[in-house]
Amino acid sequence: MSTDNLFMARAIQLSLDNVASGRGGPFGAVIVKDGVIIAEGANRVTSTNDPTAHAEVVVIREACSRLGTFMLDGCEIYTSCEPCPMCLGAIYWARLAKIYFGNIAADACDIGFDDSFIYQEFSRSIPQRSIPMKGIMREEALAAFRAWQQKANKIEY
């Protein structure tokens, strides 16, 4: 068995264990650096009452904590399912080098985890979105952006 398959098998086992334990949905993920698993995670949405506690987000947080960094460049993620829009965004922000996934989005949709409406929302203009959005106090909010631009010792990301 290839190392890629071993890492994916671990992500899948985490998803199965999570279903059996009742701690969350059927999703697991691992992050690998230099051929070694550095973090594992499983979906914790229902056990933590945190809608952002998807397996990918959980494992990214764990990997960042263990490595002492917010950038996971040089790392790869193996996830039991194609990442949802939120998780995909987190993966890009973390600068992971590669994504391996098992189930596809359509498989998740078939069991009640349908995120296609989020992709549809992204393609709509702000006034057409199902959750009303209204920009307010932009000039006041820009003060923080100006302060950031002028800050000499900022940590870029």
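**Why these words fit this model**

Modeller: Let's start with an opening in this protein: the largest pocket holds about 400 Å³ of space. The model is predicted, so local features need pLDDT of at least 70 and side-chain atom pairs pLDDT 80 or more, whereas totals for chains, interfaces and linings use all residues. Residues are numbered from 1 along each chain as its sequence is written, and side-chain values use heavy atoms, leaving out hydrogens and water.

Biologist: What makes this space a pocket rather than a cavity?

Modeller: The definition decides that. On a 1 Å grid over the protein atoms alone, a pocket is an open set of points with protein on both sides within 12 Å along at least five of seven lines, while a cavity is a set where a 1.4 Å probe fits but cannot get out. The volume is the space filled by probe spheres set on the points, which are joined across faces, edges and corners.

Biologist: Which residues line the largest pocket nearest its centre?

Modeller: Of the 24 lining residues, Phe27, His54, Cys84, Phe113 and Asp115 lie nearest the centre. A residue counts as lining when one of its atoms is within 4 Å of a point.

Biologist: Which helices each supply at least two residues of that lining?

Modeller: They are α2 (45-48), α3 (55-67), α4 (85-94), α5 (105-110) and α6 (116-123). The largest share, three residues, comes from α4.

Biologist: What makes a stretch a helix or a strand here?

Modeller: Both are DSSP runs, numbered from the N terminus: H or I over at least four residues for a helix, E over at least two for a strand. The protein has seven helices and four strands, in the order α-β-β-α-α-β-α-β-α-α-α.

Biologist: Back to α4, then. Why is Ala94 called buried?

Modeller: Ala94 has a relative accessible area of 5%, so it is buried; the word means under 20%, with exposed over 50% and partly exposed in between (1.4 Å probe, protein chains only). The buried residues of α4 are Pro85, Cys87, Ile91 and Ala94, and their cover includes α3, β3 (75-81), β4 (98-103) and α6.

Biologist: Which residues does Ala94 touch, leaving out those up to four places away in sequence?

Modeller: Ala94 touches Ile60, Phe70, Met71, Leu72 and Asp73, where contact means heavy atoms within 4.5 Å. Ala94 and Phe70 are 24 residues apart in sequence and 6.4 Å apart in space, C-alpha to C-alpha.

Biologist: Gly89 is in α4 too. Why is Gly89 called partly exposed?

Modeller: Gly89 has 26% relative accessibility, so it counts as partly exposed.

Biologist: What is unusual about the phi of Arg95, which follows α4?

Modeller: Its phi is positive, near 65°, in a residue other than glycine. Most residues other than glycine have a negative phi. Arg95 sits in the loop between α4 and β4, and its 30% relative accessibility makes it partly exposed.

Biologist: Where is Asp34?

Modeller: Asp34 lies in the loop between β1 (28-33) and β2 (36-42). Asp34 is not a glycine, yet its phi is positive, about 55°.

Biologist: How do you know whether Asp34 is buried or exposed?

Modeller: Its relative accessible area is 71%, so Asp34 is exposed.

Biologist: And Ser15 in helix α1 (residues 3-21): what decides whether Ser15 is buried or exposed?

Modeller: Ser15 has 7% relative accessibility, so it counts as buried. Leaving aside neighbours within four places in sequence, Ser15 is in contact with Pro26, Phe27, Gly28 and Ser80.

Biologist: Why is Arg129 called partly exposed?

Modeller: Arg129 has 25% relative accessibility, so it is partly exposed. Arg129 lies in the loop between α6 and α7 (138-150) and touches Glu121, Phe122 and Arg124, not counting residues up to four places away in sequence.

Biologist: How many side chains are positive and how many negative?

Modeller: There are 15 positive and 18 negative, and the centres of the two sets lie 9 Å apart. Lys and Arg count as positive, Asp and Glu as negative; His and the chain ends are not counted. Each charge is placed at NZ of Lys, CZ of Arg, CG of Asp or CD of Glu.

Biologist: What are the figures for the protein as a whole?

Modeller: Of its 157 residues, 29% count as buried. The C-alpha trace spans about 55 × 40 × 25 Å along its principal axes.
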